[in-house]
Amino acid sequence: MANGLLFYWFSWILWIIVTFFMIKSKKRTILASWILVTILSSSIYIGTPNQQISVALLLVIGGSFVLLIQLPRVIYHLFASFTIMIGYAAILLWEKGSPVWFILPRVILISFILGLLITILAKGFYNQLCICLLGLSCGELIYGLMLSSYGFRVSIGEMQFFDVLLFILGILKLLDILHTGKYKLYAVLQNNHKQTVKWQND
């Protein structure tokens, strides 16, 4: 699959959800603008010829940090993001040193491992979203800076990274929909059970 395809698809879907399905507010305008600017700047890089950083990555780091500091229990969520950052950088180093162990496509393997870790660390889609964005983007930055310190020529924040990021967000949103659906189904079954008992008593 071409690099960047998942990123453009999921980003476009996310932008449509925010623009057309969120309640009209200042928050909706800021989120829609942030997503749109991130998509537009995904192919723009700044820096030296040996070390380039994606502008979209910097926008994701800045935006996710602003989102995260608005959450309750900021220290805990920062610690969770730090954990994801270390985990993501460690997986990339593992891939660099032993690529033979990646028996599945990297997008699927990394997304499954980190998606599972994020669901363990945080409850609620919004909390998981903030941790995922900040943790992965900082992990990508740390990994790129580490390679650069060893003299490698790196581009930090390439399309492969955004594919993984958006794929994880897709997994988290799917789990959130299933979780919400389970509780609604449980509430309907409970309501039907109460009505059945009431009719039997009458």
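A salt bridge is a side-chain nitrogen of Lys or Arg within 4 Å of a carboxyl oxygen of Asp or Glu. The structure described here is a predicted model. Two salt bridges are found in a search of the whole structure. In one of them, the side chains of Asp176 and Lys173 meet at 3.4 Å, N to O. Both residues belong to helix H7. Asp176 and Lys173 stand three residues apart, about one turn of the helix. Asp176 has a relative accessible area of 22% and is therefore partly exposed. Lys173 is also partly exposed, because its relative accessibility is 34%.

The other bridge joins the side chains of Glu95 and Arg106, with 3.0 Å from N to O. This pair links distant parts of the chain. Glu95 lies in helix H4, residues 74-97, and Arg106 in helix H5, residues 106-121. Eleven residues separate the two. Arg106 counts as buried, because its relative accessibility is 18% and the limit for burial is under 20%.

Helix H7 covers residues 159-201 and has 43 residues. From its first C-alpha to its last, H7 reaches 63 Å. This is close to the 63 Å expected at 1.5 Å a residue. Several residues of H7 are buried, among them Met159, Asp163, Val164, Leu165 and Ile168. Phe161 and Phe162 are buried as well. Leu172, also in helix H7, has a relative accessible area of 1%, so this residue is buried. Leu172 and Ser111 are 61 residues apart in sequence. In space, their C-alpha atoms are 9.9 Å apart.

Aromatic contacts come next. A pair of aromatic rings is described by the distance of the centres and the angle of the planes. The structure holds seven aromatic pairs. The rings of Trp9 and Trp12 have centres 5.8 Å apart and planes at 80 degrees, so this pair is edge-to-face. Trp9 and Trp12 are three residues apart in helix H1, and therefore about one helical turn separates them. Trp12 is partly exposed, because its relative accessibility is 45%. Trp15 and Phe20 form another edge-to-face pair, at 6.2 Å centre to centre and 85 degrees between the planes. Trp15 has a relative accessibility of 24%, so it counts as partly exposed. Phe20, at 58%, counts as exposed. Ring pairs also link Phe7, Tyr8, Tyr88, Phe161 and Phe162 into a cluster. Within this cluster, Phe161 and Phe162 are among the buried residues of H7.

Two charged side chains lie over aromatic rings. Arg73 lies over the face of Tyr76, at 4.6 Å from the ring centre. Lys96 takes up such a position over Phe152, at 5.6 Å from the ring centre.

A nonpolar patch is found on the surface. Its members are Leu5, Trp9, Trp12, Ile13, Ile17, Phe20 and Phe21. Together they have about 800 Å² of accessible area. Phe21 belongs to helix H1, residues 5-21. Phe21 counts as exposed, because its relative accessibility is 66% and the cut-off for exposed is over 50%. Trp9 and Trp12, the edge-to-face pair of H1, both take part in this patch. Phe20, the partner of Trp15, is one of its members too.

Key
Residues are numbered from 1 along each chain as its sequence is written. This is a predicted model: local features need pLDDT of at least 70, side-chain atom pairs count only at pLDDT 80 or more; totals for chains, interfaces and linings use all residues. Side-chain values use heavy atoms; hydrogens and water are left out. Patches are made of residues with over 30% relative accessible area and no salt bridge: like charges are joined within 9 Å, nonpolar side chains (Val, Leu, Ile, Met, Phe, Trp, Tyr) within 5 Å. Accessible areas come from the Shrake-Rupley method with a 1.4 Å probe; for residues, only the protein chains shown count as cover. Helices (H or I, at least four residues) and strands (E, at least two) are DSSP runs, numbered from the N terminus. Buried means under 20% relative accessible area, exposed over 50%, partly exposed in between (1.4 Å probe, protein chains only). The expected span of a helix is 1.5 Å times one less than its number of residues. Rings of Phe, Tyr and Trp (its six-membered ring) pair if their centres lie within 6.5 Å; planes under 30 degrees apart count as stacked, over 60 as edge-to-face and the rest as tilted. A charge sits over a ring if NZ of Lys or CZ of Arg is within 6 Å of the ring centre and within 35 degrees of the ring normal.
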